[in-house]
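Here are two short pocket exercises to work through with the viewer open. Try each one before you read the solution.

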Amino acid sequence: MRFCKRYDNGLKIIINKIEGLYSVSAGVFVKTGSANETEAENGISHFIEHVLFKGTKSRSAFEISDYIDRIGAQINAFTSKELTCYYTKSTGERLGDALEVLSDIFFNSTFEKTELEREKGVVIEEINMSEDTPEDLCFDILAENYYGKGGYGQTILGSAKNIRRFGQKEIAEYMDKYYTADNVVISLAGNVDVAAAERYIDEYFTSKFTRKKSAPQVKVEPCEKQKTYKSKKIEQSHIGIAMQGMSINDPLSDAFSIANTVFGGGMSSRLFQKIREELGLAYSVYSYPSSYKSDGVLEIYAGVNTDSRDLAAEAIAEEVKRFKREGVTEQEFLRAKEQLKSSTVFGRESTASQMIIHGKYLAFLDEEFDFDKRIERLEKVTILDVHEAIERSFNIDDIATATVGPKRTPLKI
């Protein structure tokens with residue numbers, strides 16, 4: 001059973017009742033992330049995600065976590081390029097308590113200065129950890145090289161310089177712009193009494209918004225793609241290649257996902273079989289599409305021996321050219337379609353996955369996710385659709401690249 005409601009103030013809720021389960025996942029989605037920040041704001045969406053847990057008018061940071069433990073629930077959050085989500089998982093009978101805590105941190109956080117300063121240290125260490133993780137660093141550089149310094153090119157974590165500068169004023173100004181009723185979706189999935197859940201949301205969320213209208217979303221501006229390197233004294237070289245992908249609502253997005261699955265989405269993929277199994281150039285090699293509301297990118301990654309870095313990059317480039325030239329076989333097409341269908345089915349068995357996918361659909365597409373229609377759409381994708389998707393992407397002559405490792409030169413492609 002699925003229930004959707006749009007309130008007069010712009011708030012949207014989606015409740016997906018799943019029979020036979022005992023748990024329920026609840027998420028509060030705010031349609032803003034690093035792509036919606038100015039250069040001076042970069043990192044603030046993620047910083048707010050952290051500090052909302054650091055005390056409210058009635059609870060300290062410890063009391064928030066202690067109460068969640070006492071009701072046997074879990075609470076967490078994440079920030080992406082376009083979304084910030086605060087979520088809980090609890091038993092069905094404790095859903096009201098879990099939603100009350102989410103409401104408390106969402107509307108009543110005090111952002112006490114001592115707590116802010118303490119959490120700045122935590123987030124800066126998270127930035128340092130990312131800097132020390134070559135794969136993460138490679139993807140951050142690749143995003144900037146593809147999209148430029150703003151929008152989707154910005155890191156989610158931001159810079160340590162920005163984090164040190166954020167205070168109550170900056171937090172309040174940013175939340176006034178985007179933590180608004182019309183910019184929020186609440187998604188529930190699992191063992192839900194729909195009528196009770198609607199009452200909880202009315203009590204804890206609907207009437208509490210003082211901000212009704214969000215600021216305009218930042219638009220993606222085209223930029224010249226770059227090819228750069230970051231020198232680090234490490235054993236491996238980490239290489240990234242980015243090319244045109246597809247937005248989340250593109251009619252060919254499913255066909256593009258099938259194409260990526262064949263090309264670099266698993267152990268049977270062209271990329272894995274060629275670069276790792278046949279040539280032995282990498283342990284980790286894969287491709288994946290990042291689909292955003294207004295754009296998309298296909299990213300390829302490999303961790304390779306530094307002496308073989310350019311050889312591996314050229315082998316990847318040749319595989320992209322061959323894929324563009326040859327397309328997919330009927331067998332590859334059918335196998336990849338089954339993989340996507342099964343991943344959709346697997347996600348249906350997780351309340352957290354269902355909460356997220358229903359929330360994202362309503363937030364980005366303003367429509368309800370329908371499992372049966374999703375499977376139907378996948379079934380209707382043809383091999384010609386996949387070839388059209390490949391033709392629109394997989395252009396090795398229009399790419400951004402990034403490399404992290406000992407060599408002080410960009411990739412030779």
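Helices here are DSSP runs of H or I with at least four residues, numbered from the N terminus. Keep in mind that this is a predicted model.

**Exercise 1.** Work out which helices each supply at least two residues of the lining of the second largest pocket, and which gives the largest share.

*Solution.*
- Step 1: start at the centre. Asn 42, Glu 144, Thr 155, Gly 158 and Ser 159 lie nearest to it, out of 18 lining residues.
- Step 2: go to the elements. Helix 4 (113–131), helix 5 (134–147) and helix 6 (160–165) each put in at least two residues.
- Step 3: pick the top contributor. That's helix 5, with 4 residues.
- Step 4: sort by class. You get 5 nonpolar, 8 polar and 5 charged residues, around a space of about 450 Å³.

**Exercise 2.** Now do the same for the largest pocket: find what lines it and which element gives the most.

*Solution.*
- Step 1: note the volume, about 1400 Å³.
- Step 2: find the centre. Of the 45 lining residues, Ile 248, Ser 257, Ser 291, Tyr 361 and Arg 374 lie nearest.
- Step 3: list the elements that give two or more residues. They are strand 4 (74–79), helix 9 (253–264), strand 9 (282–291), helix 12 (330–348), helix 13 (351–365) and helix 14 (371–380).
- Step 4: pick the top contributor again. Helix 13 gives the most, with 8 residues.
- Step 5: finish with the classes. The lining splits into 18 nonpolar, 16 polar and 11 charged residues.

Notes:
Residues numbered from 1 in each chain as written. Predicted model: local features only at pLDDT ≥ 70, side-chain atom pairs only at ≥ 80, totals over all residues. Heavy atoms only, no water. 1 Å grid on protein atoms, 1.4 Å probe; cavity = no way out; pocket = protein on both sides within 12 Å on 5 of 7 lines; lining within 4 Å. Points joined across faces, edges and corners; volume = space filled by probe spheres on them. Nonpolar A, V, L, I, M, F, W, Y, C, P; charged D, E, K, R; others polar.
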